[in-house]
Every structure is written in structure tokens, then in C-alpha cells.
Amino acid sequence: MATAVKPDFDAVVVGAGFGGLVMLHRLRQHGFRARVLEAGSGIGGTWFWNRYPGARCDIESMEYSYQFSEELQQDWEWSERYATQPEILRYIEHVADRFDLRRDIQLDTRVNAAHWSHAESCWTIATDRQTVTARFLVMATGCLSSANIPDFPGRDSFAGKTYHTGRWPHGGVDFTGQRVAVIGTGSSAIQSIPLIAEQAAHLTVFQRTASFSIPAHNAPLDPEAVRKVKDDYAGFRAYNAAQAFGAHFSLPPVLAYGVDASERERVFEEHWQEGGLGFLSAFGDLLFDHMSNETAAEFVRAKIRGIVRDPTVAAKLSPKQVIGCKRLCVDTNYYATFNRPNVSLVDVSETPIEAITPRGVRVAGQEYAVDAIVFATGFDAMTGAVLAVDIRGTGGRSLREKWAAGPRTYLGVGTAGFPNLFLVTGPGSPSVLSNMVPAVEQHAAWIADCIGHLREHGFARIEADPAAEDAWVGHVNDVASLTVYPSCNSWYLGANVPGKPRVFMPYIGFPTYVAKCNEVAAKGYEGFALS
Ligand code: N01
């Protein structure tokens, strides 16, 4: 049922990161009028905001890039195995210029609300600058963009400077001669701690949960290896897309207990020397079997004991949870940094941070006086940025209310009761458990094709069917329950944000997911109601 009312845009896309940019490009390819609204003063999303020392990707550069243009992927030259934040941002800027995207991107514009009108089949989107209408609303707001700063008592009383890794000052920060506190030991902390330690007079790290980290062995890219990828970039992408995590490592058929202890050790050592997230692909069952997982966990703990000279510090740095359950980290000199005389570690697992004081951080009655505090405390992941917008669907029902007990989606791309709303890498899609760039590209192409299909067939609306959504939510949980992922407190479960419902959010299995999306589309968007 087509509608007479003509909104300002066919589609409004919220967010100008990797997801928003390719979404805009795909919509334009279909001839749609689209506008991207971005809160930041520049494009780049994650890579615009996360400028902390040492920020770089931990998926290899040759994979962490767009594939929609063969010319683009042939032309662009990455310099290192893992690209730095400035290099990735330069790449994103290049893409925006090359595909003339900027003219449809409005910066410095925060979307506050989006309300659906069923009668007019369109969204009214209120920003801090204006109100616009659009037939479709696409939330490309990123999975890890809503900064989480715990509400420590006295947080605002601190007299020195405070920073969040995900909101880092553009001009950088000089910690020379300062006493610095870093709170948190996830990926952002693990990348920044070694560099902050080199500058600061003293660095105190407050650790609630120790993280497993694998060496990056970062290095300039070997031109011969680059040439091999570029000779068949499409083949390289296809191989990666066929792997469980959509990245260039495959889970082998060999299981950890399928070999003897010395062979296991050899394989782990080989993967440690190779470095990076592929460590978890040493054996096929590390993420499915707790006993097998423990062999990998113990291998890394032994490495920590070998690197960190003080056995008490080494013990504190040794994670107790299963490896890979929380997002695995990739580092350069993280554990060795704790051998420095100017670095100390405070374990806050048993005795939480009591308060931030005007002079520093207080734990168990002891005050650690510092000049600056870095909150490396992560994000309200996957749902935070979407729910920051007051989204109201059919009958004025709010998405916050609908997701009060946890996010519910169909394919992580739509949610029942919210017609013409699309989520790029929403909860229920592989997103953070895959390589994010191919994941956002797959969604952008699928969403643009879907909107194209609606136009072609004279439909004005699409909405996830509640039964299809229920089945999908059940399936996402069933798959997760076959793995070690639900067994620890992680941001995948929302466990890092007090009060957030504990629901496993990403879908595990990139190829299965893509096949399902393609099947749904081929069947005329099965599980969605079109009208
Ligand atoms: O955030 P995190 P992040 N008191 O949530 C601690 C991606 N990423 O910004 O584990 C004390 O992992 C918290 O402790 P706990 C990547 O996907 C990628 O580091 O909840 N501590 C944890 O140690 C990554 O996983 C890259 O017990 C508190 C830390 O803060 C994701 O982003 C680089 C606390 C938060 O760690 C998020 O990483 C960076 C409290 N009240 C990020 N609350 C690369 O590509 C929280 N913590 C390399």
C-alpha cells in the first residue's frame, strides 16, 4: 500500500562510521535520497572518537576494509599488519571523498528522537538542530560507541583531568611527569597502558577482571604478502566470509584433547608466535568445550608467569575465566609493562573502587593520589547508542520499553512493532563476533536491496513479524548456549553495565547468518510483513 505523503528523505541514516558510510553509498546506488546524521564533528564513528594512545584495530588491515569496490581495495595501501587509528581514519576520509559521500552527511547533529507515524508511513526524526522526515530510519550507531563511565561515588569531585578512552581529546594528551590512574583492563586499556607507562611518572592500573591478551607481533606489511592478497582479493574475502567469525582464521577439525600434551603445547606456541585473535583457532573446540578451553587458558597464564617478574603481580594478571569468553585482547608489551618500576597494579576484584576523591582513587580505605584518571571502562555495548534515541514505533511504543528485559530483534536488523526501522549490526547479528567491516557491508547491502524490493513491489512498509522475531531470539540463545560465551561476565551479555539485562547479544556464526539473510530475501523477506 503506497502512501501519498512525501517525506524529506527516503532514508535517514544515523551515524557516519564504517556502517553509515557504506549504507549511504548503497542507498545512493539504488537511487534513494538519503541523509546521514552524525553527532560528531567529523566522520569515522569509532575511529573518530577512540584516539587514545595505541588505538589500532586487532583485525588485520588487509581484512579491516571495505570490499564493495575492487578499485578501492586495490588502490589503498595499508602500512602495517594492524592499522593505527589515524591510518584507519585517513582511509575512511578517503572513502568519503572518493565516493563523494560528504554532501549527504550532516555533522554536529545529534538525533534525540525518532517517532513513527503509521498513517503517513514515515519517521519524524528530531535532532538538536532540526526535525526531518524519512520513509526509512537506519540506525548505524555502532556497537561500541556509547561510553560507559561507572557511577563511582565522588566521580565528579576529582581535581585533576579525567578521560574516557572512547572520548579522547583530538589534540592528544601529554602525561609526561604525571601520576596517572587507568581504570579497566579491556582492549582499550591493554593498548594504551604500555604507552601511557612510557610517559607517566607513575601509572596505577585498577583491575577488576584480568584479561587474556595475545601478542600482536605488529610489523610493516610485507609487500609480497599484500600482492598475494591483491592478486585475488575477491577470493581472500570469500574465504574469510566462509569462516565462523568472518575473519581470516578457520577453526580446524582437530580438538585440543585429540592430540597429546606436547603437541598441544607446540600448536599453542605456533599460534602465540603468529599472534592475534587467531590464537583461538589453535583447536576447533576451544570455544565450545571448557576442558579444552582450559588448556589454552593455562598456556597463556604460563606465558604471563614467564613475562612478569613479580610472581604476585603475575598471579593477579592471570585471568581466572575461560579464554575468549570476554573479548580476547591483542597487545604490544602489555604484560611486560608491569615489570616497569613506575607501574603498579591494584586488584579491585574483591574490594571494588570505593570512591573517586579530589586527589585520586580510593580502594579499601587507601587513597591512590594521581594527577589524571583514564576511564578505560568500555561501552554500553550493542544497545546503548540505539536506546539513547527515543525511538517510538507503532502506537507510540518506545523501543526502550520493548527492550527493557533485553534486546529482541529479527536477524538483528529489524524489530517487531517498529516498521521501516533497520539496525546495522544490531543485537542478534554476528556484528562484534565477526569482522565488523564486512559485517556492516553485508547489512548495508541487504537493507538497501530490501528497500529497493519494497519500492519495486509498491510497498511502503516492512516490519518484523513477532513470531519470526521470537524464533530468532530463541535461535541466537540456543547457538550461544553451545559455546563457552555465556559462562563469564562480559559486555556481550551486558554484564559490564550495572542494571543492564543479562542477554547474550551477538549471533555466533557469520556464514550461517549470511545464508539465512539471503534466504529470507530470496523468499520475499520471509518473517517480515510487507504492506
Ligand atoms: O572496554 P571493555 P574496552 N570498576 O568493556 C572495567 C573493542 N575494542 O573499551 O571486565 C572497575 O572491554 C572492566 O572490568 P570487568 C573490543 O571489541 C577493540 O577496553 O567488567 N573496573 C574492564 O576491564 C573490546 O572488547 C579494539 O570486570 C571496571 C574495562 O573496565 C571493546 O571494544 C580496541 C568497572 C572495560 O573493558 C571494548 O573494549 C579497543 C568498575 N566499576 C576496543 N566498570 C581493537 O580493535 C568497568 N570496568 C584493538
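A polar contact is a pair of N or O atoms within 3.5 Å. In this predicted model, a backbone N or O atom of Thr185 lies 2.9 Å from an oxygen atom of the ligand. The briefing covers the ligand site, the internal cavities and one buried lysine, Lys500.

**Ligand site**

- The ligand is surrounded by 22 residues, and the closest of them are Thr185, Ser188, Arg208, Thr209 and Lys326.
- Sorted by class, the shell around the ligand comprises 8 nonpolar, 9 polar and 5 charged residues.
- Besides the backbone contact from Thr185 at 2.9 Å, Ser187 places a backbone N or O atom 3.0 Å from an oxygen atom of the ligand.
- Arg56 also takes part through its backbone, with a polar atom 3.5 Å from an oxygen atom of the ligand.
- The ligand taken alone exposes 910 Å², of which the protein buries 88%.

**Cavities**

- The structure contains 6 cavities of 30 Å³ or more.
- The largest cavity holds about 80 Å³ of space, and the second largest holds about 70 Å³.
- The lining of the largest cavity includes Pro407, Arg408 and Thr409, together with Pro427 and Gly428.
- Trp472, Val473, Val476 and Asn477 also line the largest cavity, as do Val503, Phe504 and Met505.
- By class, the lining of the largest cavity divides into 8 nonpolar, 3 polar and 1 charged residues.
- Around the second largest cavity, the lining includes Met139, Thr141, Gly142 and Cys143, along with Met382 and Val386.
- The lining of the second largest cavity also includes Leu423, Val424, Thr425, Gly426 and Pro427.
- This second lining has 7 nonpolar and 4 polar residues, with no charged residues.
- Pro427 appears in the lining of the largest cavity and also in that of the second largest.

**Lys500**

- Lys500 lies in the loop that connects α15 (466-481) with α16 (510-522).
- Because buried means under 20% relative accessible area, Lys500 counts as buried at 16%.
- The side chain of Lys500 is joined to that of Asp380 by a polar contact of 2.6 Å.
- Helix α15 (466-481) precedes the loop that holds Lys500, and Trp472, Val473, Val476 and Asn477 are among the residues that line the largest cavity.

Note on methods
Residues are numbered from 1 along each chain as its sequence is written. Side-chain values use heavy atoms; hydrogens and water are left out. On a 1 Å grid over the protein atoms alone, a cavity is a set of points where a 1.4 Å probe fits but cannot get out, and a pocket is an open set with protein on both sides within 12 Å along at least five of seven lines; lining residues have an atom within 4 Å of a point. Grid points are joined across faces, edges and corners, and a volume is the space filled by probe spheres set on the points. Ala, Val, Leu, Ile, Met, Phe, Trp, Tyr, Cys and Pro count as nonpolar, Asp, Glu, Lys and Arg as charged, and the others, Gly among them, as polar. A residue is near a molecule or strand if one of its heavy atoms lies within 4 Å of it. A polar contact is a pair of N or O atoms within 3.5 Å; within protein, one must be able to donate a hydrogen and the other to accept it, and residues adjacent in sequence count only if both atoms are side-chain atoms. Accessible areas come from the Shrake-Rupley method with a 1.4 Å probe; for residues, only the protein chains shown count as cover. Helices (H or I, at least four residues) and strands (E, at least two) are DSSP runs, numbered from the N terminus. Buried means under 20% relative accessible area, exposed over 50%, partly exposed in between (1.4 Å probe, protein chains only).
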